[in-house]
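I opened this model with a notebook beside me and wrote down what I looked up. Here are the entries, in the order I made them.

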Amino acid sequence: MIEPHKNQEFLFSNEARSLRILGEYIYPKTVLEKQNIQDAIVIFGSARIHPDAKEGEQVYPLTKYYTETVKVAGLLTKWAKSISKTEVQDRLVICTGGGPGIMEAGNRGAREAGGRSIALNIRLPAEQESNPYVDNSLSFTFHYFFMRKLWFMQVARALIVMPGGFGTMDELFEILTLIQTQKSTRVPVVLYGKEFWHKLINFPLLVEYGLISKEDLELFHFSDSPEDTLEHLQKNIPL
């Protein structure tokens, strides 16, 4: 007779879904505690923005955000290392979705600055291959989107949102909703790339029609430079 905890057919059945969900919470928690990771700065953005885009490609005008994400992550990592309590960085570790594009840039910037970074990957049909700059000891692959999102919020002391598509929008608005409704502790949110965000979302229109409060516009900060992003987070992350 097969013991239940060794029965693969059962463990991957609909009936055992709750066990798999629980595993996606307990395993990262255990690893991060063992690695003495206290908190993180999360970077969101498109998997499609890559440094090798050529003129004429649709994504080409956004290529600069890859380079700037590398710089942002590097500056933040150097700052985080300076305030960490041990020689091994334990504070404000860069955290990304672990895939290509902006996610790769975040992990890359952290590594090139001599720091660690977290990768919260997810199994998808396309685009979500693990990038070469992730730290294997801090890399996780999720099946459930909502568990991955939970972990982004669980570790985040700040969020930086670079240009992106459906996935980035989903993550941004869920975070803003959680903060707005006080279901999550308020953390600084940086929308990087003023021109992109002003073109994409008419936030003042939401205020004009009373769909959000004027004060809700204070839930995020627009930035156009790595230096401004660093300064804003240094002022607004309580340590």
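**Salt bridges**

I began with the charged pairs of this predicted model and found ten salt bridges in the structure. A salt bridge here is a side-chain nitrogen of Lys or Arg within 4 Å of a carboxyl oxygen of Asp or Glu. Side chains of opposite charge can pair when their charged atoms come close.

I looked up Arg91 and its partner Asp39, whose closest N and O atoms are 2.7 Å apart. Arg91 sits in the loop between α3 (64–83) and β2 (93–96), and Asp39 in the loop between α2 and β1 (40–44), so this salt bridge ties together parts that are 52 residues apart in sequence. Helices (H or I, at least four residues) and strands (E, at least two) are DSSP runs, numbered from the N terminus.

Are these two buried or exposed? Arg91 is buried at 9% relative accessibility, and Asp39 is buried as well, with a relative accessible area of 4%. I use buried for under 20% relative accessible area, exposed for over 50%, and partly exposed for what lies in between (1.4 Å probe, protein chains only). I also noted that Asp39, Arg91 and Arg157 are linked in a network of salt bridges.

Next I took Lys71 and Glu227, whose side chains meet in a salt bridge of 2.9 Å, N to O. This pair links distant parts of the chain, with Lys71 in helix α3, Glu227 in helix α9 (residues 226–236), and their positions 156 residues apart. Lys71 is partly exposed, with a relative accessible area of 42%, and Glu227 is partly exposed at 41%.

My third pair was Lys149 with Glu174, where the closest N and O atoms are 2.9 Å apart. Here helix α5 supplies Lys149 and helix α6 (residues 166–180) supplies Glu174, two distant parts of the chain, 25 residues apart. Lys149 is buried, with a relative accessible area of 17%, whereas Glu174 is partly exposed at 32%.

**Settings**

I kept the ground rules in one place: residues are numbered from 1 along each chain as its sequence is written, and side-chain values use heavy atoms, with hydrogens and water left out. As the model is predicted, local features need pLDDT of at least 70 and side-chain atom pairs count only at pLDDT 80 or more, while totals for chains, interfaces and linings use all residues.

**The whole chain**

I counted nine helices and seven strands in the protein chain. Its radius of gyration is 19 Å, close to the 18 Å that the globule rule gives for 239 residues, so the chain is as compact as a globular protein of that length. That radius is taken over C-alpha atoms, and the globule rule is 2.2 Å times the number of residues to the power 0.38.

Along the principal axes, the C-alpha atoms fill a box of roughly 65 × 45 × 40 Å. Of the 239 residues, 48% count as buried. I also checked contacts (heavy atoms within 4.5 Å): among those with a separation of 6 or more, residues 24 or more positions apart account for 70%.

**Helix α2 and what follows**

Helix α2 (residues 17–34) has 18 residues and reaches 26 Å from its first C-alpha to its last, close to the 26 Å expected at 1.5 Å a residue. The expected span is 1.5 Å times one less than the number of residues.

Which residues of α2 are buried? I found Glu24, Pro28, Val31 and Leu32. These buried residues pack against β3 (117–122), β4 (139–142) and α5 (145–155).

Just after α2, Asn36 takes a positive phi of about 60°. Asn36 lies in the loop between α2 and β1 and is partly exposed, with a relative accessible area of 38%. Most residues other than glycine have a negative phi. Leu92 also has a positive phi, about 50°, although it is not a glycine. Leu92 lies in the loop between α3 and β2 and counts as buried at 0% relative accessibility.

**Ser46**

My last stop was Ser46, in the loop between β1 and α3. Ser46 is buried, with a relative accessible area of 13%. Leaving aside neighbours within four places in sequence, its contacts are Pro100, Gly101, Ile102, Pro163, Gly164 and Thr168.
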